[in-house]
Amino acid sequence: MKYIQPKLNEKSFTCPHCGVLAKQEWHARSMDFYHNGLSQYDILGSAKCQHCNEYSIWIKDKMFYPENGNAPFPNTEMPESVKTLYLEAASIQNKSPRGAAALLRLAIQILCKELGEQGDNINNDIKSLVKKGLPEIVQQSLDVVRVTGNDAVHPGQIDTDSQEIVNQLFELINVIIEYMIALPKKVSGIYLNLPSSKIDGIKKRDTY
Ligand SMILES: [Zn+2]
């Protein structure tokens, strides 16, 4: 299913409650907040999902409720150890993109280990996963994330306070899982459901 990231005043997006791409009914008002004696003009908004009727609460352009708001739904095949970090990163990304990026880096390392890699250096692990069938574009997108982040990063590290890069990291984890776990599982399911005569035929073909 296509994922549309929630944005302030967007007519429809993927609902953080039900995960369905649904129309949103917006109610927004501007408010004066007093901060250090200064008046600040902010938007306080709420969006009601037309599919599940749950609300998301917004201040300025950030979703404050539910906590996982701006992060895409975790892939259903995500290993538990990775999911724990993924959801923790989702819950802090608004307050601390840098902290979220650090958790997501750890999540990628653990994911690589789950996939049989070393888990020490993300770049090497992803390179190796590409040899095993991960599309090269995923490696390239990791390079983009690394390059556009802080210049002072060490190889394989991701240190950023950019919300956009944090969002790319969430996507990246989901894409790796889709290609390395979900798709092979689906395809092997199709294979096993073939009549055994067909499987025998395929096996015979492959031996020549
Ligand atoms: Zn919903």
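This is a short tour of the structure in your viewer, moving from a metal site to two backbone details and then to three helix pairs. Keep in mind that you are looking at a predicted model.

**Stop 1: the zinc site**

Start by selecting the zinc ion together with Cys15, Cys18, Cys49 and Cys52. The SG atoms of these cysteines coordinate the zinc ion at 2.3 Å. What geometry does the site of the zinc ion have? It is tetrahedral, and the angles among the 4 donor atoms run from 104 to 117 degrees. For orientation, ideal angles for four tetrahedral donors are 109.5 degrees.

Now follow the donors of the zinc ion along the sequence: their spacing reads C-x2-C-x30-C-x2-C. Distant parts of the chain are linked here by cysteine 18 and cysteine 49, which are 31 residues apart. Cysteine 18 sits in the loop between strand S1 (12-14) and strand S2 (21-35), while cysteine 49 belongs to strand S3 (residues 38-49).

**Stop 2: two backbone details**

Next, select asparagine 53, which you will find in the loop between S3 and strand S4 (55-59). Asparagine 53 is not a glycine, yet its phi is positive, at about 65 degrees.

Then move on to tyrosine 65 and proline 66 and show the backbone. Which kind of peptide bond joins them? The bond is cis, with omega about -10 degrees. Proline 66 is in the loop between strand S5 (62-65) and helix H1 (80-92), and H1 comes up again at the last stop.

**Stop 3: H2 against H5**

Select helix H2 (residues 97-114) and helix H5 (residues 163-192), whose axes come within 9 Å and cross at roughly 15 degrees. An angle under 35 degrees counts as roughly parallel, so H2 is roughly parallel to H5. Their crossing is left-handed.

To see the contact, show side chains on H2, including Leu104, Ile108 and Leu111. On the H5 side, the residues they meet include Leu169, Ile173 and Ile177. How do the residues of the contact of H2 with H5 divide? There are 15 nonpolar residues, 1 polar and no charged.

**Stop 4: H2 against H3**

Keep H2 on screen and add helix H3 (residues 122-131). The axes of H2 and H3 are 10 Å apart, and the packing angle is about 45 degrees. H2 and H3 are therefore oblique to each other, and this crossing too is left-handed.

From H2, pick Arg105, Ile108, Gln109 and Cys112; from H3, pick Ile122, Asp125, Ile126 and Leu129. Coloured by residue class, the contact of H2 with H3 shows 5 nonpolar, 1 polar and 2 charged residues.

**Stop 5: H1 against H5**

For the last view, select H1 and H5, with axes 11 Å apart and an angle of about 160 degrees. That angle makes H1 and H5 roughly antiparallel to each other. H1 passes H5 in a left-handed crossing.

Which residues make the contact of H1 with H5? Val82, Tyr86, Ala89 and Ala90 come from H1, and Phe170, Ile173 and Asn174 from H5. Sorted by class, these residues are 6 nonpolar, 1 polar and no charged. Before you leave, click on Phe170 and Ile173 of H5 once more: they take part in the contact with H1, and they also meet residues of H2.

Note on methods. Residues numbered from 1 in each chain as written. Predicted model: local features only at pLDDT ≥ 70, side-chain atom pairs only at ≥ 80, totals over all residues. Heavy atoms only, no water. Axes fitted to C-alpha atoms, helices over the stretch in contact; angles between N-to-C directions. Helix = DSSP H or I, 4+ residues; strand = E, 2+ residues; numbered from the N terminus. Parallel < 35°, antiparallel > 145°, perpendicular 65-115°, else oblique. Left-handed = near helix turned anticlockwise from the far one by under 90°. Contact = heavy atoms within 4.5 Å. Nonpolar A, V, L, I, M, F, W, Y, C, P; charged D, E, K, R; others polar. Donors = N, O, S within 2.8 Å, 3.2 Å for Na, K, Ca; no water. Tetrahedral: all angles 85-135°; square planar, octahedral: opposite > 155°, others 65-115°.
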